[in-house]
Amino acid sequence: MRRHEKEVTDSNALEYILKHAQICHLAINDEDIPYIVPVNFGYEDNALYIHSATEGKKIDLLNANPHVSFCIVSQAEIQPAPKACGYTTIFSSVTGQGKVTFLSSMDEKKYGLSVIMKHHNGPHDDFPDDVMQRTAVIRISITSMIGKASKEALPA
């Protein structure tokens, strides 16, 4: 990283960024062209959890190649200035790579969905079986990640 003063490697700071973000941009391999899709997510124990319909382009690509990259932005606020080159951004983000596992048992799927719902402060204990049948729940085991943030974006 060119701007080392903005690099975030501390695990507590990385978790802070992940836990305060709402959307993950997931980059999936589609032969030689990346396919990027924004998804809701939950974070727990060095893993991201997402949900999806059980079929579609995202599912097909993840079945073909389970290796993904992701970008999660927790904060991004443009700070204007009188001159163009004086503008700056207060920001925090995490980028990384991981490997996908499709959760198959009803208990695993309910656990993954509860992680997502807790992340968004929603109810996390009532998942109807008929909805579970038509929902794919995916765990992304994080293999590497790094953060980047302006000093104002993280707690002291």
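Ala, Val, Leu, Ile, Met, Phe, Trp, Tyr, Cys and Pro count here as nonpolar, Asp, Glu, Lys and Arg as charged, and the others, Gly among them, as polar. With those classes in hand, the lining of the largest pocket splits into 3 nonpolar, 5 polar and 3 charged residues. Please keep in mind that this is a predicted model. The protein has 4 helices and 8 strands, and the tour below goes from the overall layout to the pocket, the cores, the strand pairing and a few single residues.

**Overall layout**

- Reading from the N terminus, the elements follow the order β-α-β-β-β-β-α-β-β-α-α-β.
- Taken along the principal axes, a box of roughly 55 × 40 × 25 Å holds the C-alpha atoms of the protein.
- Of the 156 residues in the protein, 36% are buried.
- Contacts often span long stretches of sequence: among those between residues at least 6 apart, 70% join residues at least 24 apart.

**The largest pocket**

- Rolling a probe the size of a water molecule over the atoms shows where empty space is left.
- The volume of the largest pocket is about 160 Å³.
- Its lining is made up of Lys19, His20, Ala21, Gln22, Tyr43, Glu44, Val115, Lys118, His119, His120 and Asn121.
- Two elements, β4 (42-44) and α3 (106-119), each supply at least two residues of this lining.
- Which element gives the most to the lining of the largest pocket? That is α3, with 3 residues.

**Nonpolar cores**

- In soluble globular proteins, nonpolar side chains tend to be buried together.
- The largest nonpolar core here has 28 residues, and Leu26, Phe41, Leu48, Phe70, Ile72 and Ile140 are those with the most contacts inside it.
- Helices and strands both take part: α1 (11-19), β2 (23-30), β3 (33-40), β5 (47-53), α2 (57-64), β6 (67-79), β7 and β8 (135-149) are the elements that give two or more residues to this core.
- The largest share, 5 residues, comes from β8.
- A second, separate core has 9 residues, including Ala47, Leu113, Phe127 and Met132.
- Leu48 is a good place to look inside the larger set: beyond four places in sequence, Leu48 touches Cys24, Phe41, Gly42, Tyr43, Phe70, Ile72, Ile138, Arg139, Ile140 and Ile142.

**Strand pairing**

- β6 and β7 run antiparallel and are joined by 12 bridges.
- Within that pair, Phe70 has Gly96 in β7 as its bridge partner.
- β7 and β8 also run antiparallel, joined by 12 bridges, and Gln97 stands opposite Ser144 in β8.
- On the other side of the bookkeeping, β2 and β6 pair in the antiparallel sense over 5 bridges.
- Cys24 stands opposite Ile72 in β6; Ile72 is also among the residues with the most contacts inside the largest nonpolar core.

**Two strand residues: Ser93 and Ala76**

- Ser93 is located in strand β7 (residues 88-103).
- Is Ser93 buried or exposed? Ser93 counts as buried because its relative accessibility is 14%, under the 20% cut-off.
- Setting aside residues up to four places away in sequence, Ser93 touches Ile17, Ile72, Val73, Ile146, Gly147 and Lys148.
- Ala76 belongs to strand β6.
- Ala76 counts as exposed because its relative accessibility is 60%, over the 50% cut-off.
- Without its neighbours within four places in sequence, Ala76 is in contact with Thr89, Ile90 and Phe91.
- Ala76 and Ser150 are 74 residues apart in sequence, and their C-alpha atoms are 9.8 Å apart in space.

**Loop residues with positive phi**

- Most residues other than glycine have a negative phi, and most peptide bonds are trans.
- Glu31, although not a glycine, has a positive phi of about 55°.
- Where is Glu31 found? Glu31 sits in the loop between β2 and β3.
- With 78% relative accessibility, Glu31 counts as exposed.
- Asn46, also a residue other than glycine, has a positive phi near 60°.
- The loop between β4 and β5 holds Asn46.
- Asn46 counts as partly exposed because its relative accessibility is 35%, and partly exposed lies in between the 20% and 50% limits.

Definitions and conventions:
Residues are numbered from 1 along each chain as its sequence is written. This is a predicted model: local features need pLDDT of at least 70, side-chain atom pairs count only at pLDDT 80 or more; totals for chains, interfaces and linings use all residues. Side-chain values use heavy atoms; hydrogens and water are left out. Buried means under 20% relative accessible area, exposed over 50%, partly exposed in between (1.4 Å probe, protein chains only). Contact means heavy atoms within 4.5 Å. On a 1 Å grid over the protein atoms alone, a cavity is a set of points where a 1.4 Å probe fits but cannot get out, and a pocket is an open set with protein on both sides within 12 Å along at least five of seven lines; lining residues have an atom within 4 Å of a point. Grid points are joined across faces, edges and corners, and a volume is the space filled by probe spheres set on the points. A nonpolar core is a set of buried Ala, Val, Leu, Ile, Met, Phe, Trp, Tyr and Cys residues joined through side-chain atoms within 4.5 Å. Two strands pair if DSSP finds at least two bridges between them.
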